[in-house]
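Colleague: Could you walk me through this model and how its aromatic residues pack? I would like to begin with how far to trust it.

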Amino acid sequence: MSDRDPSQLDLFTGAPSPTPPRGRRRGHEEPVGPAEQPEDVRALGEQLPPGLHLGTSSWSFPGWKGIVYDREATAARLSREGLAAYSRHPVLRTVGVDRTFYAPIPASAFADYAAQVPPGFRFLVKAHEACTLARWPVHQRYGDLRGQFNDRFLDAAYARDLVVAPFVEGLGEKAGPLVFQLPPQHPEDLSEGGPFVERLHAFFSALPRGPLYAAEFRNESLLTEALAQALADVGVCPVLAAWKNMPPVERQAVRTKALNAPALVVRWMLPPNLDYEEARRRYFPFDKLVDEDVRTREAIARVSAAALGAGRPVFVTLNNKAEGSAPLSAVLLARSVMSRTRNTGSVES
């Protein structure tokens, strides 16, 4: 789930332009800096294990003044220059890059992102939707392709050249999971051209080795033993997607065998009772927690602690639409994970 309105983006070229070089500002404006954090938040950040990467779905939210940023700034300005300040928050050690879902970006844009953050920071990047849509949605932004089958669906050559190569070249050691998100789709569309699980296995088998690949599913019916085995065979992490149309996180973890994967990857997007637009209206401008979802938070904390206990790195991104303010949710989640890192019991269905 993205915090950007996809209707404003072109299918292949409508993503925002690459981030301008840092330092390009109007007049004599001071750069956006990090907000001063309470002592307990600074201490929490110092206690977090290196393998725990918590962060948000993006970083360009004016409502985060005093939470992440030290001053009021427009979304456009934060998009250009807020990342460096964001990465200095004691708890935020990853961030989602969603613009790549709507159009590929060059290695130079990734490199600019990487240059703005410290060595231990990692990016969670969404692969271009052309890789994961069996049929183009019936939406105006898809033009003449609306409703047509997508010949780039699970096309490993396209993914290798337009998605994986710039991701690896631009981010280098700061690359975290590369997430191939499959939106809700009709099972018959997914199986067009051959059994879906077999095609998915072949797709990931053909991608270059080295990056940390992850796959996110929005159809509960796909969470089968065959899918879990296929992902395990190619070393791909199943993404635990916290939103209202999927089972609870811990049930997803059991069905996909997520704790056996190379890393645990979680995306906490929506509360169980709201859709995207309802949550946006209710929570904007994302400057406070509105509806705390303790059940989901504690479930994510439990699987995160279990993964850390098993020596797996953990990547969790949180959306503003989950509880009202993603960075505030991240702090509470970090506290909950830390309270469990010494008692990482098994995940039960």
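**Confidence, core and rings**

Modeller: Gladly. Over residues 1–25 the pLDDT (the predictor's confidence in each residue, from 0 to 100) stays under 50, and the model has 78 contacts for them beyond four places in sequence, a contact being heavy atoms within 4.5 Å. Residues 344–349 also have pLDDT below 50, with 13 contacts beyond near neighbours in sequence. This is a predicted model, where local features need pLDDT of at least 70, side-chain atom pairs count only at pLDDT 80 or more, and totals for chains, interfaces and linings use all residues. Residues are numbered from 1 along each chain as its sequence is written, and side-chain values use heavy atoms, with hydrogens and water left out.

Colleague: What is the mean pLDDT of the protein?

Modeller: In the protein, 90% of the residues reach 70 or more. The mean pLDDT is 91.

Colleague: Which helix gives the most to the largest nonpolar core?

Modeller: A nonpolar core is a set of buried Ala, Val, Leu, Ile, Met, Phe, Trp, Tyr and Cys residues joined through side-chain atoms within 4.5 Å; buried means under 20% relative accessible area, exposed over 50% and partly exposed in between, with a 1.4 Å probe and protein chains only. The largest one has 97 residues, and Y86, F123, F180, F196, F204 and F217 touch the most other members. With seven residues, the top contributor is the helix at residues 156–171, α5.

Colleague: How do the buried residues of α7 fall around its axis?

Modeller: Helices (H or I, at least four residues) and strands (E, at least two) are DSSP runs numbered from the N terminus. In α7 the buried residues are F196, L200, F203 and F204. Taking directions from the helix axis to the C-beta atoms, these residues line one face of the helix, because they fall within an arc of 90°.

Colleague: Which elements do those buried residues of α7 pack against?

Modeller: One of them, F196, touches F153, L154, L182, L190, S191, F217, L222 and L227, leaving aside residues up to four places away in sequence. Together, the buried residues of α7 pack against α5, β4, α6 (187–190), β5 (212–217) and α8 (225–234).

Colleague: How many places apart in sequence are the parts that F110 and F167 tie together?

Modeller: Rings of Phe, Tyr and Trp (its six-membered ring) pair if their centres lie within 6.5 Å, and planes under 30 degrees apart count as stacked, over 60 as edge-to-face and the rest as tilted. F110 and F167 are edge-to-face, at 6.3 Å centre to centre with 85° between the planes. F110 lies in helix α4 (residues 107–115) and F167 in α5, so the pair joins parts that are apart in sequence by 57 residues.

Colleague: And what is the angle between the planes of F180 and F204?

Modeller: F180 is buried, with a relative accessible area of 1%, and F204 is buried with 1%. F180 belongs to strand β4 (residues 175–182) and F204 to helix α7 (residues 196–206), so this pair ties together parts 24 residues apart in sequence. The pair is edge-to-face, with centres 5.5 Å apart and planes at 90°.

Colleague: Which ring does R218 lie over?

Modeller: A charge sits over a ring if NZ of Lys or CZ of Arg is within 6 Å of the ring centre and within 35 degrees of the ring normal. R135 lies over the face of F149, at 3.9 Å from the ring centre. R218, at 4.7 Å from the ring centre, lies over the face of W243.
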